[in-house]
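Let us look at a protein chain together and ask, step by step, what stands behind the words used to describe it.

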Amino acid sequence: LPVKSSDLTINEMLLAFLEHAATYYRTPDGQPTSEVRELKLSLIPVRELYGLTSVAEFGPVALATVRTQMVERGLCRKLINRRIDRIKRIFKWAVAQGTVPVTVYQALQTLAGLRAGRTMARESEPVRPVDPDHVVATLPHLGRHVRGMVELQRYTGMRPGEVCKLTLAEIDRSGAVWLYRPRQHKTAHHGKERVIPLGPRAQSVLQTFLETAQQSPELPVFSPARQREDRYAAMRAARKSSVQPSQINRKKVQPKRVPGTRFETAAYAQAVAKGAKKAGVPHWHPNQLRHLFATLVRKEYGLEAAQVLLGHSRADVTQVYAERDLTRAAAVATQIG
């Protein structure tokens with residue numbers, strides 16, 4: 001039987017929701033999505049301030065107090081609004097489970113989002129295109145796989161998550177322009193298809209990884225584990241003295257950290273940040289490559305082509321419209337991708 005709201009604490013409700021989130025917010029291959037992490041971050045001040053409070057006593061004033069703490073911790077206005085919306089969504093879920101009165105959720109809905117210019121919360125800086133010269137300077141300071149990911153984003157405008165998950169099995173190489181159809185992408189849960197044309201430059205980047213990728217076409221083309229193996233192989237090849245028998249295999253039996261089979265977006269961004277620092281250029285992140293690509297395409301080929309190549313749903317109104325756009329996108333990719 002559902003627990004009565006008078007007996008249910010905020011911590012108990014949040015624990016029940018996170019158990020639900022662990023199975024609900026998953027990719028088709030069973031991996032948790034980034035939403036799980038965002039939910040946990042959103043709940044930190046709720047647990048700290050009201051964890052032992054009854055859910056029936058949590059109202060708009062309490063939610064506003066949670067929001068104030070987010071402001072004091074220096075979060076930007078848009079992020080705060082998104083996190084408050086997540087908290088409201090959790091109460092909506094609890095109402096559907098019969099553990100929280102609908103009046104509690106309705107009351108929380110009365111708390112409006114923070115408005116620009118009417119709050120002490122700082123405004124986030126808009127994401128701007130990265131300077132192409134900074135990208136070129138950073139490339140020599142990146143590992144082979146991260147360098148390939150950066151170059152592929154430059155030529156396609158794909159999202160960081162899409163380049164991290166790219167597998168050979170998802171690429172149709174039958175035509176002059178290859179087509180990458182990621183199984184997992186931002187709008188997949190809405191039933192939308194994402195098609196990323198890969199022109200000559202993008203194909204050239206992938207060519208150097210094809211031999212390894214063909215051995216395991218279902219695994220990500222870019223891999224932290226394989227990047228480490230490549231680095232070790234290069235070090236062995238550059239070694240001038242012979243390897244002592246005791247040093248042939250110095251791997252730890254049970255290492256604390258083992259490289260994964262694919263890059264996470266956060267690790268990818270961190271690698272780029274380290275490379276930029278070594279190159280002595282301003283900090284930049286992979287999402288700025290997407291903005292750079294969009295700027296160039298829009299300038300040369302117009303807004304419609306940019307929308308399609310970036311996978312924005314506004315350009316995918318009907319099936320006929322999508323087919324026409326894909327042909328145009330492939331033509332653009334032939335020229336610049």
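Q: What share of the 337 residues in the chain is made up of buried residues?
A: In this predicted model, buried residues make up 41% of the 337 residues in the chain, where a residue counts as buried when its relative accessible area is under 20%.

Q: Why is Arg-226 called buried?
A: The relative accessible area of Arg-226 is 18%, and the cut-off for the word is under 20%, so Arg-226 is rightly called buried. This residue lies in helix α11, which covers residues 224-238, one of the 15 helices that the chain has beside its three strands.

Q: With which residues is Arg-226 in contact, leaving aside its neighbours within four places in sequence?
A: Once those neighbours are set aside, Arg-226 is in contact with His-145, Thr-212, Pro-220 and Val-221, and contact here means that heavy atoms lie within 4.5 Å.

Q: What makes a group of residues a nonpolar core?
A: The members must be buried residues of certain kinds, Ile, Met, Phe and Val among them, joined through side-chain atoms within 4.5 Å. The largest such core has 35 residues, of which Ile-10, Met-13, Phe-58, Ile-87, Phe-91 and Val-100 touch the most other members. Two or more residues come from each of α1 (10-24), α2 (34-50), α3 (60-72), α4 (77-96) and α5 (102-108), and α4 gives the most, with eight residues. Apart from this core lies another, of 33 residues, including Leu-142, Val-150, Val-163 and Val-281.

How values were computed:
Residues numbered from 1 in each chain as written. Predicted model: local features only at pLDDT ≥ 70, side-chain atom pairs only at ≥ 80, totals over all residues. Heavy atoms only, no water. Buried < 20%, exposed > 50% of the residue type's maximum accessible area, 1.4 Å probe, protein only. Helix = DSSP H or I, 4+ residues; strand = E, 2+ residues; numbered from the N terminus.
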